[in-house]
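Trainee: I'd like to learn how to read contacts, cores and strand pairings off a model. Can we walk through one together?

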Amino acid sequence: MSKKSGSKEKSKGTLALTRLVSTDPEPQFLGDPAEFQARFDAARSEAVHAMLHKIPAPRRSPPVLALEDVIGPEDVVKIRGCGRIVFHAVGDTGKGKHSSQTDIVDLMRADYDPSRPPTDQPAFLLHLGDVVYGTNKEDLYRDQFYRPNNKYPGRILGVPGNHDGEINENTDPKSLAAFRHNFVAKKPKRRAAAGSSLRPAMTQPGVYFLLEAPFVRVIGLYTNAADEAGFLSAEEIGFAQKDFLIDQLKLIAGKRADGDTAALLIATHHPPYSASDHPGSKEMLDDFDDAFRQTGVAPDLFLSGHAHNYQRFTRSFTLGNRTMEIPFIVAGGGGHGASPIQLREDGQLVKTPLRGADGDHSLQQYYNGYGYLLVKATAEELNVEFYSSPPTRSGPTDSVTVDLEAHKIVRETGPLDHPLEGEVERHGKHKHHHGGN
Ligand SMILES: [Fe+2]
């Protein structure tokens, strides 16, 4: 589908960038199918910590921005008037023209169909990290970000992934330099790498930030440059990011006590839970849980990437006297080489739902292929839809809805049937590529 489109069509300055439009992997087995979090032994942990870098300080403190700063006040008024915000989210996109990446861009673009009612118009794309893969990252932005997204009409915010933060001695000596130029710019100027694209640099206040939007707050955090696991804080990277998270959660607790009903989404590149070759991060989740327990506020939704597939977990999280059901979703199938989740020891595909080791979470759904998320928030509900690429059905492949007052999942798609050969092979077009996640 739409392989002919891609970057050849000229952009004629019609993109309204600030508007709401009126591998063949080695076989991987789950030692225990219900282990979704990586626990490191000391030796391995040392190697992982050696990959970590100090997090750059935000441009302003606290690093909070309003959606008005991104898409303009008029469109935010429209969204508020609609009673609902809709936006895209996906990670691990960097691939290039005429690829699984641009297939997804084409699908997301179609969601901006002006004939749809305003309540269905996406407001922006939240990138879940690993924007570009390889060396000379600033140059890579041309072919892995600006050109593939040339026809994506919305603005793009994001959290950096390990590939955005990694250091390559000769070409990328400074961690996150290219990401900061393109996402954390002082001014919305066009970068040289943008070429003929009209997309200006994004003006996030930091590599971690809080976005205030109607019906939803997004806290995006940088979980650093190690491949094996994410970290919110550590000696090597500092504690300012975690302090920021705690401060913001405290503020949210106060606002909620005053009747504020905005949903809270936390987005990181590394997943807390994953059944994939790139596993979840126990240390990172423990660090988050500490912040949630200290403040009495936990997110209504946790999104991440890194594993190049789709996985939806439900976690039961008890905070004070209430137990919340929280979707933890991996949406790393943005185009850079799909990678399936692990098979059972008997070589069979995992069947969902599959309960996690400590019983408070379970894998509810997965999809071994590409796709993106459409998140919808109202004052009452938060809904996340997963659309596979190529589409396998009309409408979403998976969907989950959270009641924001009850903190319970009120609707979700039942377990999908999975062909043994995997969704990716079935479509044939995009074989597995086992690159770094
Ligand atoms: Fe990654």
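Trainee: Leaving aside neighbours within four places in sequence, which residues is Leu-373 in contact with?

Mentor: Keep in mind that this is a predicted model. To read contacts, skip the sequence neighbours and list what remains. Here Leu-373 is in contact with His-88, Ala-89 and Val-90, then Ile-329 and Ala-331, and finally Val-384, Glu-385 and Phe-386.

Trainee: And which residues touch the most other members of the largest nonpolar core?

Mentor: For a core, look at who touches whom inside the set. This one has 108 residues, and Ala-331 and Leu-373 touch the most other members. Strand β15, residues 370–377, gives the most to this core, namely six residues.

Trainee: Why does Leu-125 count as buried?

Mentor: Burial is a neighbour count, with 20 or more C-beta atoms within 10 Å as the cut-off. Leu-125 counts as buried because it has 23 C-beta neighbours inside 10 Å. Leu-125 is part of strand β4, residues 125–127, and touches Phe-87, His-88, Met-108, Tyr-152, Gly-154 and Ile-156, residues up to four places away not counted. Its C-alpha lies 7.8 Å from that of Val-90, though 35 residues separate the two along the chain.

Trainee: Now the strands. In what sense does β12 pair with β11, parallel or antiparallel?

Mentor: Check the direction, then count bridges. β11 (residues 310–319) and β12 are antiparallel, with ten bridges; Thr-314 stands opposite Pro-327 in β12. Their hairpin has two residues between the strands, and Gly-320 there takes a positive phi near 60 degrees. β10 (residues 301–304) runs parallel to β12 (residues 322–331), joined by three bridges, and Leu-303 stands opposite Ile-329 in β12.

Notes. Residues numbered from 1 in each chain as written. Predicted model: local features only at pLDDT ≥ 70, side-chain atom pairs only at ≥ 80, totals over all residues. Helix = DSSP H or I, 4+ residues; strand = E, 2+ residues; numbered from the N terminus. Buried ≥ 20, exposed ≤ 12 C-beta atoms within 10 Å, placed from the backbone. Contact = placed C-beta atoms within 7 Å. Core = buried A, V, L, I, M, F, W, Y, C linked by C-beta atoms within 7 Å. Pairing = 2+ DSSP bridges.
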